[in-house]
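Here are some short exercises to work through with the structure open beside you. Try each task yourself before you read its solution.

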Amino acid sequence: MQEYRNIYQIARETSGLTQERAAELFNISVESLRSYETDRRIPQDSTVLKMIEVYGTPFLAMQHLRKSALGEKYIPEVEQKDLAIAVLNFLNECSDLENIKNLMIKISADNKIDESEKEDWNHVLEEVNGIISAGITLRFVK
């Protein structure tokens with residue numbers, strides 16, 4: 001059975017650094033780093049920025065933001081994918097863009113969303129969220 005590894009630990013291990021060396025580079029104690037890697041504490045954004053730069057893991061920014069109460073609710077869940085899969089996923093999400101655009105124009109032409117338009121508007125928002133998520137995935141391709 002594999003032990004639990006959080007986003008900060010995975011990023012460090014991917015870079016090949018020990019906890020001791022990483023803590024030294026971030027000018028923090030090994031105990032502080034250990035507490036981040038065991039979810040006892042959440043690192044400050046400035047520390048995460050250093051981690052991203054030193055570990056070479058820009059995807060850590062998205063993962064870190066999602067861990068916050070606001071991020072969990074408002075930032076879409078995004079997976080890291082290989083280039084070909086990310087591109088195909090993005091293009092697939094955009095395949096119905098013309099229909100979504102026309103629906104958005106129809107709904108928004110009077111500058112309000114009527115009760116009869118709410119279901120269609122929710123569909124539009126789902127499609128937009130899919131495109132955003134696929135675009136962010138493309139941004140953080142492996």
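Two rings of Phe, Tyr or Trp (for Trp, its six-membered ring) count as a pair if their centres lie within 6.5 Å; planes under 30 degrees apart are stacked, over 60 edge-to-face, and the rest tilted. This is a predicted model, where local features need pLDDT of at least 70, side-chain atom pairs count only at pLDDT 80 or more, and totals for chains, interfaces and linings use all residues. Residues are numbered from 1 along each chain as its sequence is written, and side-chain values use heavy atoms, with hydrogens and water left out.

**Exercise 1. Find the aromatic pairs and classify them.**

Step 1: The structure holds two aromatic pairs. In one of them, phenylalanine 26 and tyrosine 55 sit 5.4 Å apart, centre to centre, with 75 degrees between the planes, so the pair is edge-to-face.

Step 2: Now place these residues on the helices, which are DSSP runs (H or I, at least four residues) numbered from the N terminus. Phenylalanine 26 belongs to helix H2 (residues 19-26) and tyrosine 55 to helix H4 (residues 45-55), and the two are 29 residues apart. Both phenylalanine 26 and tyrosine 55 are buried; buried means under 20% relative accessible area, exposed over 50%, and partly exposed in between (1.4 Å probe, protein chains only).

Step 3: Phenylalanine 59 and phenylalanine 140 form an edge-to-face pair too, at 5.6 Å centre to centre and 70 degrees between the planes. This pair joins helix H5 to the segment after H9, across 81 residues. Phenylalanine 59 counts as buried because its relative accessible area is 7%, and phenylalanine 140 is buried because its value is 13%.

**Exercise 2. Describe how H1 meets H3.**

Step 1: Two packed helices are described by the angle between their axes and the distance between the axes. Axes are lines fitted to C-alpha atoms, for helices over the stretch in contact, and angles run from 0 to 180 degrees between N-to-C directions.

Step 2: The axes of helix H1 (residues 7-15) and helix H3 (residues 30-37) come within 7 Å and cross at roughly 115 degrees.

Step 3: Tyr8, Gln9 and Arg12 of H1 make the contact with Leu33, Tyr36 and Glu37 of H3. Contact means heavy atoms within 4.5 Å.

**Exercise 3. Study helix H9 and leucine 138.**

Step 1: H9 has 22 residues and reaches 31 Å from its first C-alpha to its last, close to the expected 32 Å. That expected span is 1.5 Å times one less than the number of residues.

Step 2: The buried residues of H9 include Val124, Ile131 and Ile136. Among the elements covering the buried residues of H9 are helix H5 (59-67), helix H7 (83-94) and helix H8 (97-108).

Step 3: Leucine 138 lies in helix H9 (residues 118-139). Is leucine 138 buried or exposed? Leucine 138 is partly exposed, because its relative accessibility is 29%. Leaving aside neighbours within four places in sequence, leucine 138 touches Ala86, Val87 and Phe90.

**Exercise 4. Look for positive phi values.**

Step 1: Most residues other than glycine have a negative phi.

Step 2: Aspartate 39, which is not a glycine, has a positive phi of about 60 degrees. Aspartate 39 is in the loop between H3 and H4, and counts as partly exposed because its relative accessibility is 36%.

Step 3: Asparagine 111 has a positive phi near 65 degrees. Asparagine 111 is in the loop between H8 and H9, and counts as exposed because its relative accessibility is 72%.
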